[in-house]
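Hi,

Here is the model I promised to pass on. Have a look at it first, and then read my notes below.

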Amino acid sequence: MEFWQECLKRRVPHLLLAYLGSVWAGTEVITFVVGRYGFADIWVDRFLVSALSVLPAVVWTIWRVGADGAMSWRGRDIGITVGNLTLAVGLAVAVPGRAPPDAAPSPENTTTPVAKSTVPQLKPGLLIGGFRNLSDGGEGDELAFAIPGLLETDLLYEPSFNTTSFIANGPRGIAATFASQGILDPRQAETGAWRLVASSLRMQAVVTGKVLKSVEGFELQLAMTRWRPQEVHEEVVVKAGDPIALIDQAGAAVRAFMVGTGVTLSGEDPPLSSISSEQWPVLRDYARARDAVELHNQSSEGLPILDSVLSRAPTFAYARWTRMLAFYQQGQRDLMMTEISRLMRQLPQLPVSARFQVQLFDARLRTDKAAEEQILEHWVQTDPTASEARFTLAQMRFQRNGDEAALAELAELAKNGPGTSELLRVARLYDLRTDTKAAKALRTMAIERAPNEPDAWLQQAAADEEHGQFDAAEAGYRKAMVLSPNLRTPRAGLTRIRFARGDFEGALAATIQQQLEASNDNSRLAFLLERVDYLDRLGRHRESLALMQAAYPKLAPGFSLNERVQQLDGPMADAIARAEGYPASVQYIDANVVLSDSEVQNFSRLQLKLRAALACDAFDELLKAVPDLRLAYQKFANGSVALLDKTVPFYQAAVNGVTQDDLQTLQDSDAAISAAVLRGEISADQHRSLRGAILPSLITNVGATLARRWLDELLIQAPNEPMLAVFDAELLRLDGQSELAASRLEALLPIVGAADAESPLAQRYKRASGG
């Protein structure tokens, strides 16, 4: 007891707690510095080990200093302190280094653990970061802007390692990661920040640099870091009289640096001018076009530049590839096919991986699944380390078989792959199997690989929302919004949750505010369509149509003709169908959907009429269109023919009603669609919509049991949906619970009172209430 009193007297507990608090604060500071500037993680471990190892010396010093009288250092004091400090330094130095990014341990698949990986060792990945100009504007700025895209194009011809740049990564990738850190222009990021991003993407190397324009020509200061087999940083200076030669020399320097990761170079290093153009203005414009199309998704801005590039360099295969991507963004199938046809004749001018990608695009445009699978098999045989090809091939086999072994193969490939998109795709497949534990484990791995990207948080939030776990979903959407404040998706998710909880007016007000705050036409349209959807679900169809009619002339000029069909004409036709009927919608479609390719035009019109029929429950019109739809799907989307046939019994039941004999056919079709959902061939939302469409025909003595089961599943995600509440009241009355049914209907009276009198909601309510 006296000992503890003496400790208190000498203030040992107080000062010891203060020391531990200082250690904690120091650890936080070093963790921030390491993360922000890309230093090795081992410094956090070394600081923590040394700070805790020196605790005996700290306690001894506190004890001695706290004693009464003046302190004098004796030999024992010095010996204890020096000995403890020596031990602490030794332990800190002995701390083992972290595994390199590609060797990071992965959580086990909680559902189907794989004993031994059959995935070949991946190629090392190289990330090309930003380059900055040290000169005063002019040519230096142009060159610094163009180098990432041009250096990537040059290095793509080296198959021994995978090369990507922040440009190819798109607006939702690296650019979003930097934006979450307050860096709006990736080109201005420091080298340390690029090292951090490369590590999070499981890249094994990163290169950035600085450009200097002088009288003699150009100087490029390359800063290169690799992590395999250990961390190495090199700085190399290359000089040349012209920009094209400078990029060639930079490419050679990077290739030599990558040998240190253990690769054997292929020897394929064509001069940049031989695969593109000898004219620097052409290459400069190509880099500008890539920035517009790939980094910013601005195809309308990039296409005129690409037209100019290809008019001056018609054999520039990668420029043609970029133009094909721009047409793909715009949905211009006919122009895509023209570019693919030209690229097929230019295959020898492309690197091996791009040759396979072009052939895959060609097969997909022809909807030739067999050819697509053969191309993927050939690609994997040619390059067993092609992770995306292996994953896509495994995904095709999974969709065909849908068994657990195929899903386990997909999970293994995703875990061993370099990025997060495959992890999230497989996680979604586990969601559809209601294996939430396995899905969450894969999403956790994706978050660990890319902690500053919102995609995994968004998917987890959507899964929680789907299961009616709105508090967890809200937390996930808010986390994603912190990571990417300008992203539309988390805001839309939070608004959906408000609507699902029954705050209808709050959700509508949120969409108005979001539309006002939107920074571009795509976002403004998306928020508008959300508002239109909420109004339609409340039976206010004329109000939603008025919104579409007012917005159309303002938004239409910002979209290409093909984009306008899907993004504006489709929703407009739906709104007309709900407010004015199916014939008016058909009249609108025939008058406004006019495309240069007559086959694509007819297919687009047919698709929009299908949408319109579903929007206003005109299932009889839909059934009339099935033969034409089948022919169109055989030509444009042969994978959809079988799914179309599975949905026909639903539409027939919606038109003709359900008898006892129909129930089994309907349940068999539903089981087939459920299997298609598990294989990823149809979305769970589409499946729910089909069930919702058939519910009115099931609410009879014959189909009440099936209707109750399906309705309860729909109510999990939408517990306050007005139309579902009417169906619930009808089923309660069939079950003899008249008072509860009346109470349910009475709660809906304010909503129905604001709905259009001729709306399906008002009409169904009138029937349910006996009015």
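**What I found**

Ala 615 counts as buried, at 18% relative accessibility; buried here means under 20% relative accessible area, exposed means over 50%, and partly exposed is in between (1.4 Å probe, protein chains only). Before I go on, some housekeeping: this is a predicted model, where local features need pLDDT of at least 70 and side-chain atom pairs count only at pLDDT 80 or more, while totals for chains, interfaces and linings use all residues. Residues are numbered from 1 along each chain as its sequence is written, and side-chain values use heavy atoms, with hydrogens and water left out.

Back to Ala 615, which sits in helix α29 (helices, H or I with at least four residues, and strands, E with at least two, are DSSP runs numbered from the N terminus). Leaving aside residues up to four places away in sequence, Ala 615 touches Asp 574 and Arg 578, where contact means heavy atoms within 4.5 Å. Its C-alpha atom is 9.1 Å from that of Ala 573, although the two residues are 42 apart along the chain.

Just after that helix comes a backbone detail: Asp 617 has a positive phi near 60° despite not being glycine. Asp 617 belongs to the loop between α29 (598-615) and α30 (619-636), and is partly exposed at 44% relative accessibility. Thr 434 also has a positive phi near 60°. The loop that holds Thr 434 runs between α19 (421-432) and α20 (436-449), and there the residue is exposed, at 60% relative accessibility.

A charged residue worth a click is Glu 373, in helix α16 (residues 369-382). Glu 373 counts as buried, with 14% relative accessibility. Not counting residues up to four places away in sequence, Glu 373 touches Leu 393, Met 396, Arg 397 and Arg 400.

Now the strands. β1 (residues 125-133) and β3 (residues 205-213) run parallel and are joined by six bridges; two strands pair if DSSP finds at least two bridges between them. β3 also pairs with β4 (residues 218-226), this time antiparallel, over nine bridges. You can follow one line across: Arg 132 has Lys 210 of β3 as its bridge partner, and Lys 210 in turn is partnered by Gln 221 in β4. The β3-β4 hairpin has four residues between the strands, and in it Gly 217 takes a positive phi near 150°.

On to the nonpolar cores, meaning sets of buried Ala, Val, Leu, Ile, Met, Phe, Trp, Tyr and Cys residues joined through side-chain atoms within 4.5 Å. The largest has 68 residues, and those with the most contacts inside it include Val 426, Tyr 430, Trp 710 and Leu 724. Among the residues that Leu 724 touches, not counting those up to four places away in sequence, are Leu 695, Leu 711 and Ala 718. A second, separate core of 64 residues includes Ile 128, Ile 247, Trp 280 and Ala 354.

Which residues make the nonpolar surface patch of about 340 Å²? They are Leu 17, Leu 20, Leu 48 and Leu 52. Patch residues have over 30% relative accessible area (Shrake-Rupley, 1.4 Å probe, only the protein chains shown counting as cover) and no salt bridge, with like charges joined within 9 Å and nonpolar side chains (Val, Leu, Ile, Met, Phe, Trp, Tyr) within 5 Å. A salt bridge is a side-chain nitrogen of Lys or Arg within 4 Å of a carboxyl oxygen of Asp or Glu. α2 (12-37) and α3 (42-53) each supply at least two of the patch residues.

Cheers
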